[in-house]
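Visitor: I am new to this one. Could you show me around?

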Amino acid sequence: MSELRFHWCSPLESGQKKASGQYDAGSLDFDGIVSFVKEAEEIGVDSLLMAISYHMPDPLPMLGALSHLTDRINLLLAYRPGLLSPTLFTQVVNTVSWMSDNRINLNIVAGISPKEQAYYGDFLDHDARYERANEFLEIMHGLWENHGPLTYEGRHYRVEDAQLGLGHKGGGRPRVYLSGASGVAQQTAVKYGDCWLRYADTPEEIAKAAEPVLAEGCAVGLRMQVLARSTREEALAQVAEMMREPDEKQRRFIAEFMTNVDSEAVKNSFRLADASGDDWLSPYLWSGAVAYRGGPALCIVGSYEEVADYIMEYKAAGVSEFIFSGWPSREEMRIFYRHVLPLVRQREAEAGGAGQSDAAGVVN
């Protein structure tokens with residue numbers, strides 16, 4: 001298998017210092033974001049996920065600015081069908097592909113809460129949002145493949161002779177990540193995406209869920225947290241420190257938000273956390289922050305070596321990409337890329353060498 005790809009979550013929430021604290025909303029430190037992105041580029045982050053939510057700045061203008069201020073790092077834009085027409089969104093993506101020298105990829109998110117979707121004038125239910133996402137992506141793919149004129153009539157979109165003068169740079173298209181844990185999310189990922197992106201579970205459960213997606217030739221990626229220290233004792237001490245004097249107002253806010261969530265991915269993270277009993281789904285998978293941080297808060301915790309080994313278990317389960325973040329995100333990014341990633345690469349090289357030896361033995 002090829003090397004794992006490691007991405008990091010956007011700097012839009014990089015000010016979060018505690019897993020059990022409130023969101024840092026209401027202001028925008030653009031200089032700090034630029035500094036974050038430039039450091040991520042320097043230490044070798046594959047791409048940064050530019051996340052989307054009502055409590056964060058919109059990622060589109062951020063992406064345009066950051067594409068001009070960086071040279072190598074890829075930018076993974078999360079966006080929801082329904083906010084822009086598919087023709088206009090394709091035009092925006094094509095434009096950024098030229099601005100960034102082809103460093104934009106897409107994370108299509110159908111939405112997690114009807115209440116939040118209603119903020120934007122969108123009142124579709126869960127499955128209808130994915131139905132719309134299918135139409136959205138079908139039109140986009142048609143424009144990337146043929147540039148138009150494209151006529152399409154579906155339940156959610158109708159375009160006539162749609163065409164764009166500026167195609168995607170290089171004549172191709174961005175890599176498409178499709179988020180969700182439901183059956184319809186899997187189907188959309190297989191049909192229109194390159195990678196099915198979901199929240200975490202144990203490697204054993206991920207292997208079961210990933211099997212039909214991998215069989216169709218679609219990659220599997222995980223969005224989760226990581227906390228690594230030189231020893232397991234230090235990692236557990238850091239977990240305890242993050243949960244000291246937790247913000248119960250934030251917990252109540254998340255609990256209230258969850259009453260309106262219809263995302264299978266988010267609900268599954270809460271089911272796992274509730275069922276864990278002691279906040280641990282395995283010796284290395286911690287769920288204690290889910291009540292304060294929501295779906296993506298499942299976290300790999302351990303020493304550098306333990307975290308690297310657990311990541312390799314996910315690779316054996318079929319996972320090929322990770323989008324990590326941490327608390328605080330910037331410091332955890334430094335730790336991961338300096339201390340954990342070299343160990344992962346070492347294990348991959350050793351596994352590759354063993355595979356070559358085994359293959360040579362078969363041939364002989």
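A short exchange on some of the helices follows.

Guide: First, the ground rules: this is a predicted model, where local features need pLDDT of at least 70 and side-chain atom pairs count only at pLDDT 80 or more, while totals for chains, interfaces and linings use all residues. Residues are numbered from 1 along each chain as its sequence is written, and side-chain values use heavy atoms, leaving out hydrogens and water.

Visitor: On which side of α9 do the buried residues lie?
Guide: Helices here are DSSP runs (H or I, at least four residues), numbered from the N terminus. In α9, residues 248–258, the buried ones (under 20% relative accessible area, 1.4 Å probe, protein chains only) are Gln250, Ile254, Phe257 and Met258. Their arc, taken from the directions from the helix axis to the C-beta atoms, covers only 100°, so they sit on the same side of α9.

Visitor: Which residues of α9 are exposed on the other side?
Guide: Exposed means over 50% relative accessible area. On the other side of α9, the exposed residues are Lys249 and Arg252.

Visitor: What do the buried residues of α9 pack against?
Guide: Contact means heavy atoms within 4.5 Å. The partners of these buried residues are α4 (114–119), α10 (264–276) and α11 (290–293).

Visitor: Are α5 and α6 roughly parallel or roughly antiparallel?
Guide: Axes are lines fitted to C-alpha atoms over the stretch in contact, with angles from 0 to 180 degrees between N-to-C directions. Those of α5 (residues 126–146) and α6 (residues 183–192) come within 10 Å and cross at roughly 5°. Angles under 35 degrees count as roughly parallel and over 145 as roughly antiparallel. Therefore α5 and α6 are roughly parallel.

How values were computed. Helix = DSSP H or I, 4+ residues; strand = E, 2+ residues; numbered from the N terminus. Parallel < 35°, antiparallel > 145°, perpendicular 65-115°, else oblique.
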